[in-house]
Amino acid sequence: MRKLFIAGVIITLSSAYAQAEGVAKRSILSLIKPDASVEYGFKTKKWSGDVGVTASVSRLSIRPSLDWGYSSGDSFAISGASVKSTMALSDKLSAYSKLSLDKDFKYSDLSVGVAITFK
């Protein structure tokens, strides 16, 4: 069993190295980009947004984030979290999946889809 585990680790590490052939030329921190968004809902009179980081290697990107909300009568609160994985299929087309968690960090929803970018 131990030999099988060691073989699995070696295969995983070597395939990760093959996928990230350009990573050796750049530092790992250059692959991770922090980002955030803020929006205001006029009907709900509520501020909301998210804070996360995006890690990209080759055509794959992963973005974990925390969602937050604030309304004038309420206090600032974490409203959930999400992890979005995106794979570029071409220059303008990508496929993605998004795992959403509620404020207690329990499973809420899983979405899959495609996105078109107009450049």
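Which element gives the most to the nonpolar patch? Here are my notes on this predicted model.

1. Start with the patch itself. Twelve names make a long list, so take your time: Leu60, Ile62, Val83, Met87, Leu89, Leu93, Leu99, Tyr107, Leu110, Val114, Ile116 and Phe118 form a nonpolar patch on the surface. Together they have about 1,200 Å² of accessible area.

2. Now for where those residues come from. Two or more patch residues are given by each of β3 (60–71), β4 (77–88), β5 (93–101) and β6 (107–116). The answer to the opening question is β6, which gives the most, with four residues.

3. Val83 is a good one to click on. This patch member sits in strand β4. Is Val83 buried, exposed or partly exposed? Its relative accessible area is 33%, and since partly exposed covers the range from 20% to 50%, Val83 counts as partly exposed.

4. Next, have a look at the backbone. Most residues other than glycine have a negative phi. Lys45 goes the other way, with a positive phi near 55 degrees. You'll find Lys45 in the loop between β1 (32–41) and β2 (46–57). Lys45 is exposed, because its relative accessible area of 56% is over the 50% cut-off.

5. Phe105 is another residue to check. Its phi is positive too, near 60 degrees, and Phe105 isn't a glycine either. Look for Phe105 in the loop between β5 and β6. At 47% relative accessibility, Phe105 is partly exposed.

Technical notes: Residues are numbered from 1 along each chain as its sequence is written. This is a predicted model: local features need pLDDT of at least 70, side-chain atom pairs count only at pLDDT 80 or more; totals for chains, interfaces and linings use all residues. Side-chain values use heavy atoms; hydrogens and water are left out. Patches are made of residues with over 30% relative accessible area and no salt bridge: like charges are joined within 9 Å, nonpolar side chains (Val, Leu, Ile, Met, Phe, Trp, Tyr) within 5 Å. Accessible areas come from the Shrake-Rupley method with a 1.4 Å probe; for residues, only the protein chains shown count as cover. A salt bridge is a side-chain nitrogen of Lys or Arg within 4 Å of a carboxyl oxygen of Asp or Glu. Buried means under 20% relative accessible area, exposed over 50%, partly exposed in between (1.4 Å probe, protein chains only).
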